[in-house]
Amino acid sequence: MTVPAGSFQTYSAIGIREDLEEAIYDISPTQTPFLTMCKRGTATNTVHEWQRDSLASANTANAAIEGDDAANGTSTPTTRLKNYCQISTKYAVVSGTQNAVNTAGRNKEMAYQLMKRTEEMKRDMESILTQNHGSSAGGTGTARQLAGAESWLSVNKTTLGSGGGNSTTGFVTSTGLVSAAADASTAGTFVVSALKAIIRECWTNGGSPSVIMAGPFNKTQLSGFTGIATLYREASATASGTRIIGAADVYVSDFGEHRIVPNRFMRDRTCLVLDMDYWAVHYLRKFQQYEIARTGDSEKRQIVSEYTLVCRNELASGKVTDLTTS
(Lines give C-alpha, C1' and ligand atoms only; values in the text may rest on other atoms or scores of the structure.)
Protein backbone atom coordinates (compact mmCIF):
# COMPACT_ATOMS: atom_id res chain seq x y z
CA MET A 1 0.00 0.00 0.00
CA THR A 2 0.98 3.60 -0.50
CA VAL A 3 1.46 5.89 2.50
CA PRO A 4 -0.91 8.87 2.24
CA ALA A 5 0.76 12.12 1.26
CA GLY A 6 1.70 14.28 4.23
CA SER A 7 1.78 11.42 6.78
CA PHE A 8 3.99 12.36 9.70
CA GLN A 9 6.17 9.34 10.62
CA THR A 10 8.50 8.58 13.47
CA TYR A 11 11.47 8.68 11.09
CA SER A 12 11.28 12.45 10.89
CA ALA A 13 9.80 13.20 14.32
CA ILE A 14 11.74 15.05 16.98
CA GLY A 15 11.17 14.61 20.71
CA ILE A 16 10.28 10.93 20.98
CA ARG A 17 11.44 9.62 24.32
CA GLU A 18 13.88 6.73 24.25
CA ASP A 19 12.64 3.29 25.30
CA LEU A 20 15.43 2.07 27.61
CA GLU A 21 14.67 -0.59 30.21
CA GLU A 22 15.24 0.17 33.89
CA ALA A 23 17.39 -2.93 34.25
CA ILE A 24 20.95 -4.08 33.60
CA TYR A 25 21.42 -7.72 32.68
CA ASP A 26 24.70 -9.23 33.86
CA ILE A 27 25.18 -13.00 34.06
CA SER A 28 28.79 -12.91 35.22
CA PRO A 29 29.08 -15.70 37.81
CA THR A 30 29.59 -14.67 41.43
CA GLN A 31 29.46 -18.02 43.27
CA THR A 32 32.58 -18.56 45.40
CA PRO A 33 32.16 -22.05 46.93
CA PHE A 34 35.61 -22.43 48.50
CA LEU A 35 35.55 -19.01 50.15
CA THR A 36 31.99 -19.61 51.30
CA MET A 37 32.75 -23.01 52.87
CA CYS A 38 35.97 -21.95 54.62
CA LYS A 39 35.91 -21.29 58.35
CA ARG A 40 36.41 -17.65 59.41
CA GLY A 41 39.00 -16.25 61.77
CA THR A 42 40.98 -13.15 62.68
CA ALA A 43 44.60 -12.34 61.96
CA THR A 44 46.46 -9.82 64.12
CA ASN A 45 49.66 -9.50 62.09
CA THR A 46 50.71 -9.59 58.44
CA VAL A 47 52.19 -13.03 59.16
CA HIS A 48 49.60 -15.45 60.53
CA GLU A 49 50.89 -18.61 62.24
CA TRP A 50 49.40 -21.79 63.63
CA GLN A 51 50.55 -25.23 64.81
CA ARG A 52 50.06 -28.78 63.64
CA ASP A 53 50.71 -32.00 65.52
CA SER A 54 50.23 -35.75 65.14
CA LEU A 55 50.10 -38.85 67.28
CA ALA A 56 52.71 -41.60 67.25
CA SER A 57 51.99 -44.59 65.04
CA ALA A 58 50.04 -47.43 66.61
CA ASN A 59 52.49 -49.82 68.29
CA THR A 60 51.61 -53.50 68.33
CA ALA A 61 54.65 -54.18 70.54
CA ASN A 62 53.23 -52.08 73.39
CA ALA A 63 53.45 -54.73 76.11
CA ALA A 64 55.02 -53.91 79.47
CA ILE A 65 56.61 -56.23 82.02
CA GLU A 66 54.84 -56.27 85.35
CA GLY A 67 56.55 -53.87 87.72
CA ASP A 68 58.90 -52.51 85.04
CA ASP A 69 60.21 -48.94 85.23
CA ALA A 70 58.76 -46.26 82.90
CA ALA A 71 60.84 -45.56 79.79
CA ASN A 72 60.64 -44.26 76.23
CA GLY A 73 58.68 -41.14 77.17
CA THR A 74 60.27 -38.88 74.52
CA SER A 75 58.00 -36.09 73.28
CA THR A 76 58.12 -34.43 69.87
CA PRO A 77 57.46 -30.73 69.28
CA THR A 78 54.59 -29.37 67.19
CA THR A 79 55.09 -28.05 63.66
CA ARG A 80 54.71 -24.30 63.31
CA LEU A 81 53.17 -23.12 60.04
CA LYS A 82 52.45 -19.71 58.56
CA ASN A 83 50.96 -17.83 55.66
CA TYR A 84 51.11 -14.17 54.71
CA CYS A 85 48.19 -11.74 54.64
CA GLN A 86 47.56 -10.54 51.11
CA ILE A 87 45.95 -7.20 50.34
CA SER A 88 43.34 -7.17 47.59
CA THR A 89 41.84 -3.90 46.36
CA LYS A 90 39.37 -2.48 43.89
CA TYR A 91 38.86 1.16 42.90
CA ALA A 92 35.94 3.12 41.51
CA VAL A 93 36.24 6.65 40.12
CA VAL A 94 33.11 8.43 38.87
CA SER A 95 32.88 12.01 37.65
CA GLY A 96 30.57 14.42 39.41
CA THR A 97 28.57 14.84 36.24
CA GLN A 98 28.03 11.09 35.80
CA ASN A 99 26.83 10.82 39.37
CA ALA A 100 24.38 13.66 38.78
CA VAL A 101 22.76 12.66 35.47
CA ASN A 102 19.64 10.54 35.22
CA THR A 103 20.82 6.96 34.59
CA ALA A 104 18.91 3.83 33.60
CA GLY A 105 19.05 0.65 35.68
CA ARG A 106 20.63 2.25 38.75
CA ASN A 107 20.02 5.29 40.91
CA LYS A 108 23.58 6.44 41.47
CA GLU A 109 26.56 5.48 39.32
CA MET A 110 29.00 5.24 42.25
CA ALA A 111 26.76 2.83 44.19
CA TYR A 112 26.45 0.63 41.11
CA GLN A 113 30.20 0.63 40.45
CA LEU A 114 30.95 -0.25 44.09
CA MET A 115 28.53 -3.17 43.90
CA LYS A 116 30.33 -4.44 40.80
CA ARG A 117 33.78 -4.04 42.34
CA THR A 118 32.75 -5.95 45.47
CA GLU A 119 31.57 -8.93 43.40
CA GLU A 120 34.74 -8.75 41.29
CA MET A 121 36.94 -8.84 44.38
CA LYS A 122 35.15 -11.92 45.72
CA ARG A 123 35.90 -13.62 42.38
CA ASP A 124 39.54 -12.58 42.67
CA MET A 125 39.75 -13.97 46.20
CA GLU A 126 38.22 -17.30 45.16
CA SER A 127 40.88 -17.69 42.46
CA ILE A 128 43.66 -16.62 44.83
CA LEU A 129 42.58 -19.01 47.59
CA THR A 130 42.16 -22.10 45.41
CA GLN A 131 44.89 -21.87 42.82
CA ASN A 132 48.55 -22.81 42.56
CA HIS A 133 50.80 -20.01 43.75
CA GLY A 134 53.31 -19.77 46.55
CA SER A 135 53.62 -17.42 49.50
CA SER A 136 55.78 -14.31 49.56
CA ALA A 137 56.78 -12.06 52.45
CA GLY A 138 56.79 -9.06 50.13
CA GLY A 139 58.99 -6.01 50.55
CA THR A 140 59.16 -2.25 50.14
CA GLY A 141 58.12 -2.45 46.49
CA THR A 142 56.62 -5.95 46.38
CA ALA A 143 53.18 -7.10 47.50
CA ARG A 144 52.79 -9.87 50.07
CA GLN A 145 51.17 -13.01 48.68
CA LEU A 146 49.40 -15.88 50.40
CA ALA A 147 49.88 -19.48 49.30
CA GLY A 148 46.80 -21.01 47.62
CA ALA A 149 45.23 -24.36 48.45
CA GLU A 150 46.89 -26.26 45.59
CA SER A 151 50.34 -25.26 46.80
CA TRP A 152 49.76 -26.50 50.36
CA LEU A 153 48.86 -30.08 49.39
CA SER A 154 52.19 -31.89 49.24
CA VAL A 155 51.32 -35.31 50.75
CA ASN A 156 47.99 -36.64 49.43
CA LYS A 157 48.54 -35.99 45.75
CA THR A 158 48.73 -37.74 42.40
CA THR A 159 49.34 -36.53 38.88
CA LEU A 160 47.78 -37.92 35.72
CA GLY A 161 50.14 -35.97 33.51
CA SER A 162 53.69 -36.55 32.36
CA GLY A 163 56.76 -34.39 32.17
CA GLY A 164 57.55 -32.78 35.50
CA GLY A 165 54.30 -32.82 37.48
CA ASN A 166 53.51 -33.77 41.07
CA SER A 167 56.45 -31.94 42.67
CA THR A 168 54.61 -30.04 45.41
CA THR A 169 56.91 -29.10 48.29
CA GLY A 170 54.20 -27.59 50.52
CA PHE A 171 55.33 -25.64 53.57
CA VAL A 172 59.11 -25.60 54.02
CA THR A 173 60.08 -25.02 57.65
CA SER A 174 63.58 -23.73 56.87
CA THR A 175 62.29 -20.90 54.66
CA GLY A 176 58.85 -20.40 56.16
CA LEU A 177 57.41 -20.33 52.65
CA VAL A 178 55.14 -22.39 50.43
CA SER A 179 56.26 -22.74 46.83
CA ALA A 180 53.98 -23.12 43.83
CA ALA A 181 53.72 -26.72 42.62
CA ALA A 182 55.24 -27.64 39.26
CA ASP A 183 52.79 -28.55 36.51
CA ALA A 184 53.30 -31.46 34.15
CA SER A 185 53.97 -30.50 30.53
CA THR A 186 51.38 -33.00 29.28
CA ALA A 187 47.98 -33.46 30.93
CA GLY A 188 46.10 -36.74 31.34
CA THR A 189 42.46 -37.84 31.47
CA PHE A 190 40.73 -37.83 34.86
CA VAL A 191 40.03 -41.40 35.97
CA VAL A 192 38.09 -42.73 38.96
CA SER A 193 41.01 -44.81 40.28
CA ALA A 194 43.00 -41.61 40.91
CA LEU A 195 40.13 -40.05 42.82
CA LYS A 196 39.65 -43.18 44.94
CA ALA A 197 43.34 -43.28 45.76
CA ILE A 198 43.39 -39.70 47.05
CA ILE A 199 40.23 -40.17 49.12
CA ARG A 200 41.80 -43.29 50.65
CA GLU A 201 45.04 -41.43 51.48
CA CYS A 202 43.16 -38.57 53.13
CA TRP A 203 41.11 -40.99 55.22
CA THR A 204 44.14 -43.10 56.17
CA ASN A 205 45.93 -39.98 57.40
CA GLY A 206 42.97 -39.01 59.59
CA GLY A 207 40.87 -36.77 57.36
CA SER A 208 37.21 -37.04 56.45
CA PRO A 209 37.05 -35.26 53.09
CA SER A 210 33.44 -34.39 52.33
CA VAL A 211 33.94 -32.13 49.31
CA ILE A 212 35.25 -32.90 45.83
CA MET A 213 35.83 -29.61 44.00
CA ALA A 214 36.48 -29.44 40.27
CA GLY A 215 36.37 -27.03 37.36
CA PRO A 216 33.65 -27.22 34.70
CA PHE A 217 35.23 -29.77 32.36
CA ASN A 218 36.33 -32.21 35.03
CA LYS A 219 33.02 -31.85 36.85
CA THR A 220 31.49 -33.46 33.74
CA GLN A 221 34.20 -36.13 33.88
CA LEU A 222 33.25 -36.85 37.48
CA SER A 223 29.61 -37.30 36.49
CA GLY A 224 30.66 -40.01 34.05
CA PHE A 225 32.58 -42.10 36.59
CA THR A 226 31.30 -45.61 37.15
CA GLY A 227 31.55 -47.48 40.41
CA ILE A 228 30.05 -50.64 41.86
CA ALA A 229 26.70 -49.87 40.22
CA THR A 230 25.92 -48.56 36.77
CA LEU A 231 25.50 -44.79 36.53
CA TYR A 232 21.77 -44.54 36.03
CA ARG A 233 19.89 -41.90 34.09
CA GLU A 234 16.77 -41.55 36.16
CA ALA A 235 13.52 -40.36 34.62
CA SER A 236 10.75 -39.63 37.07
CA ALA A 237 7.37 -38.06 36.59
CA THR A 238 7.14 -34.60 38.07
CA ALA A 239 4.53 -31.92 38.13
CA SER A 240 6.26 -30.16 35.25
CA GLY A 241 6.95 -33.22 33.16
CA THR A 242 9.75 -35.77 32.91
CA ARG A 243 13.05 -35.07 34.63
CA ILE A 244 16.31 -36.52 33.32
CA ILE A 245 19.21 -36.65 35.77
CA GLY A 246 22.53 -36.84 33.98
CA ALA A 247 24.96 -35.51 36.59
CA ALA A 248 26.49 -36.61 39.88
CA ASP A 249 26.24 -34.30 42.90
CA VAL A 250 27.40 -36.85 45.49
CA TYR A 251 30.11 -39.48 45.15
CA VAL A 252 29.93 -42.40 47.57
CA SER A 253 33.29 -44.05 48.21
CA ASP A 254 34.40 -46.72 50.66
CA PHE A 255 35.11 -43.90 53.11
CA GLY A 256 31.87 -41.94 53.04
CA GLU A 257 29.85 -39.51 50.97
CA HIS A 258 31.55 -36.66 49.16
CA ARG A 259 29.68 -33.66 47.76
CA ILE A 260 30.78 -32.75 44.24
CA VAL A 261 31.07 -28.97 43.91
CA PRO A 262 31.85 -27.23 40.60
CA ASN A 263 34.03 -24.13 40.82
CA ARG A 264 34.43 -21.65 37.97
CA PHE A 265 37.44 -19.91 39.48
CA MET A 266 39.76 -22.78 40.40
CA ARG A 267 42.10 -24.32 37.84
CA ASP A 268 40.24 -26.86 35.73
CA ARG A 269 43.38 -29.01 35.51
CA THR A 270 43.15 -29.84 39.24
CA CYS A 271 40.56 -31.67 41.33
CA LEU A 272 40.63 -30.88 45.04
CA VAL A 273 39.49 -33.41 47.67
CA LEU A 274 38.77 -31.31 50.75
CA ASP A 275 38.03 -31.70 54.42
CA MET A 276 36.69 -28.17 54.97
CA ASP A 277 37.09 -28.44 58.76
CA TYR A 278 40.79 -27.80 58.13
CA TRP A 279 40.58 -24.75 55.86
CA ALA A 280 39.97 -21.20 57.08
CA VAL A 281 40.26 -17.62 55.87
CA HIS A 282 41.59 -15.25 58.51
CA TYR A 283 41.12 -11.51 58.04
CA LEU A 284 43.51 -8.82 59.20
CA ARG A 285 41.07 -6.38 57.60
CA LYS A 286 37.64 -7.49 56.46
CA PHE A 287 35.97 -5.91 53.43
CA GLN A 288 36.17 -2.15 53.97
CA GLN A 289 35.20 0.78 51.79
CA TYR A 290 37.04 4.09 51.90
CA GLU A 291 36.36 7.44 50.31
CA ILE A 292 39.56 8.78 48.77
CA ALA A 293 40.28 12.51 48.86
CA ARG A 294 39.08 14.38 45.79
CA THR A 295 41.70 15.73 43.39
CA GLY A 296 39.19 17.17 40.94
CA ASP A 297 35.60 16.80 39.85
CA SER A 298 35.44 13.05 40.53
CA GLU A 299 34.40 10.87 43.43
CA LYS A 300 36.85 8.10 44.36
CA ARG A 301 36.23 5.03 46.46
CA GLN A 302 38.48 2.09 47.36
CA ILE A 303 37.50 -1.38 48.57
CA VAL A 304 40.19 -3.19 50.59
CA SER A 305 40.51 -6.58 52.24
CA GLU A 306 43.59 -8.10 53.89
CA TYR A 307 43.40 -11.83 54.50
CA THR A 308 45.21 -15.15 54.41
CA LEU A 309 44.46 -18.83 53.88
CA VAL A 310 44.96 -21.19 56.83
CA CYS A 311 45.63 -24.81 55.93
CA ARG A 312 45.17 -26.19 59.42
CA ASN A 313 46.39 -29.66 58.50
CA GLU A 314 47.11 -30.60 54.90
CA LEU A 315 46.89 -34.34 55.65
CA ALA A 316 43.09 -34.05 55.73
CA SER A 317 42.88 -33.01 52.06
CA GLY A 318 44.40 -33.97 48.72
CA LYS A 319 44.45 -33.30 45.01
CA VAL A 320 44.50 -34.94 41.60
CA THR A 321 46.54 -32.79 39.23
CA ASP A 322 47.48 -32.28 35.58
CA LEU A 323 44.06 -33.14 34.15
CA THR A 324 42.96 -32.46 30.62
CA THR A 325 40.55 -29.54 30.35
CA SER A 326 38.85 -30.20 27.02
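Where is the place of V304 in this structure? V304 sits in strand 15, which covers residues 298-311. Before following that strand further, keep in mind that this is a predicted model.

V304 makes a good starting point. Its relative accessibility is 4%, and because buried means under 20%, V304 counts as buried. Leaving aside residues up to four places away in sequence, V304 touches I87, S88, T89, M121, R285, K286, F287, Q288 and Y290. For a sense of distance, look across to A187: the C-alpha atoms of V304 and A187 are separated by 37 Å, and the two residues are 117 residues apart along the chain.

Now widen the view to the sheet around V304. Strand 15 belongs to an open sheet of 4 strands, in the order 1-14-15-4, and the pairing in this sheet is mixed. Strand 1 (39-42) and strand 4 (86-95) are the edge strands, each pairing on one side only. On average, neighbouring strands here are turned by 30° against each other, direction ignored. Strand 4 pairs with strand 15 in the antiparallel sense, over 10 bridges. One pair of residues to look for is Q86 and its bridge partner in strand 15, Y307.

A helix lies against this sheet. Helix 3 packs on the sheet and touches strand 4, strand 14 and strand 15, with its direction making about 160° with that of strand 4. Does the length of this helix fit or differ from what its residues should span? Helix 3 has 22 residues, 109-130, which at 1.5 Å a residue should span 32 Å; the end C-alpha atoms are 32 Å apart, so the two values agree. Buried residues of helix 3 include Y112, L114, M121, M125, I128 and L129. M121 is a residue we have already met, as one of those that V304 touches. Y112 has a charged companion: R106 lies over the face of its ring, at 5.4 Å from the ring centre.

Next, turn to another sheet. This open sheet has 6 strands in the order 5-16-13-8-12-11, with mixed pairing. Strand 5 (157-159) and strand 11 (250-253) stand at its edges; each has a single partner strand, so one side of each is left without a neighbour in the sheet. Neighbouring strands of this sheet are turned by 20° against each other on average, direction ignored. At one edge, strand 5 runs parallel to strand 16 (residues 318-321), and 3 bridges join them. In that pairing, T159 stands opposite T321.

Further into the strand order comes strand 8. With strand 12 it pairs in the parallel sense over 4 bridges, and M213 stands opposite V261 of strand 12. With strand 13 (residues 271-274) strand 8 runs antiparallel, joined by 3 bridges, and here V211 stands opposite L274. In a regular strand the side chains alternate between the two faces of the sheet. Both faces of strand 8 are covered: V211 and M213 are buried on one side, and I212 and A214 are buried on the other. Helix 6 (residues 216-223) packs on this sheet, touching strand 8 (211-214) and strand 12 (256-262), and its direction makes about 130° with that of strand 8.

Finally, look at the aromatic rings. The structure holds 6 aromatic pairs. In the pair of F34 and W279, the ring centres are 5.8 Å apart and the planes stand at 70°, so the pair is edge-to-face. F34 lies in helix 1 (residues 33-37) and W279 in strand 14 (residues 279-292), so this pair ties together parts that are 245 residues apart in sequence. F34 is buried at 0% relative accessibility, and W279 is buried with a relative accessible area of 1%.

F190 and F225 also form an edge-to-face pair, 5.1 Å centre to centre with 75° between the planes. This pair links distant parts of the chain, 35 residues apart: F190 is in the loop between strand 7 (177-178) and helix 5 (192-204), and F225 is in the loop between helix 6 and strand 9 (234-238). F190 is buried, with a relative accessible area of 3%, and F225 counts as buried at 12% relative accessibility. Elsewhere, ring pairs link W50, W152 and F171 into a cluster.

Technical notes: Residues numbered from 1 in each chain as written. Predicted model: local features only at pLDDT ≥ 70, side-chain atom pairs only at ≥ 80, totals over all residues. Heavy atoms only, no water. Pairing = 2+ DSSP bridges. Helix = DSSP H or I, 4+ residues; strand = E, 2+ residues; numbered from the N terminus. Axes fitted to C-alpha atoms, helices over the stretch in contact; angles between N-to-C directions. Contact = heavy atoms within 4.5 Å. Expected span 1.5 Å × (residues − 1). Buried < 20%, exposed > 50% of the residue type's maximum accessible area, 1.4 Å probe, protein only. Phe/Tyr/Trp six-rings, centres within 6.5 Å; stacked < 30°, edge-to-face > 60°. Lys NZ or Arg CZ within 6 Å of the ring centre and 35° of its normal.
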